[in-house]
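Biologist: Got a minute? Could you walk me through this one?

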Amino acid sequence: QITSLIAQNSVPQKDMGVASSSRAFFQQIGGSMGVSLFGVIFINKLNSVMAPLSGGHALNSSSLDPQSFQHLPAAQRAIAFVGISHGLDAVFWWAIPITVAVFVLALWVKEIPLRGRIEPAADAGGSDQPAAELVH
């Protein structure tokens, strides 16, 4: 992932584990907050669309589960489908400005050239012979 590469390349090698785990932690926190925010948007829109259409019947998001959904009359099932459709539309409309904001923030990420390989320290014995020749 790009964010892992950015985090690992932005810190000294001794801090690479901390940077990787911090990135993963904050990604999980952000994902949890995003799911809950979009869930609230979806449920609010679903309830606001279904309430006037249901004509006083007890039809709201808390009464919609897979088992009870199959047993609803056709008219109420259609109302539920309309509510679900409008709820998903609302989630996507709210996601557009958030996506644009993330894109703009990504433009401000400082570009750091990738590190090259770190060569192992020179042999303490100072021998120029390959390791295979040293072992008899």
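Modeller: Sure, we can go through the fold, the surface and the pockets.

Modeller: It is a predicted model, where local features need pLDDT of at least 70, side-chain atom pairs count only at pLDDT 80 or more, and totals for chains, interfaces and linings use all residues. Residues are numbered from 1 along each chain as its sequence is written, and side-chain values use heavy atoms, with hydrogens and water left out.

Biologist: How many helices and strands are there in the protein chain?

Modeller: Five helices and zero strands; helices are DSSP runs of H or I with at least four residues, strands runs of E with at least two, numbered from the N terminus.

Biologist: And what share of the residues is buried?

Modeller: 16% of the 136 residues, where buried means under 20% relative accessible area with a 1.4 Å probe, protein chains only.

Biologist: Switching to pockets: what volume does the largest one have?

Modeller: About 480 Å³.

Biologist: Which residues line that largest pocket?

Modeller: Among them are I2, I6, R23, F26 and V102. The elements giving two or more residues to this lining are α1 (2-9), α2 (16-53) and α4 (74-107).

Biologist: How many nonpolar, polar and charged residues are in that lining?

Modeller: Seven nonpolar, two polar and one charged.

Biologist: What about the second largest pocket, what is its volume?

Modeller: The second largest pocket has about 150 Å³. Its lining includes I2, I6, K110 and E111, and by class it has six nonpolar, two polar and two charged residues.

Key: Buried < 20%, exposed > 50% of the residue type's maximum accessible area, 1.4 Å probe, protein only. 1 Å grid on protein atoms, 1.4 Å probe; cavity = no way out; pocket = protein on both sides within 12 Å on 5 of 7 lines; lining within 4 Å. Points joined across faces, edges and corners; volume = space filled by probe spheres on them. Nonpolar A, V, L, I, M, F, W, Y, C, P; charged D, E, K, R; others polar.
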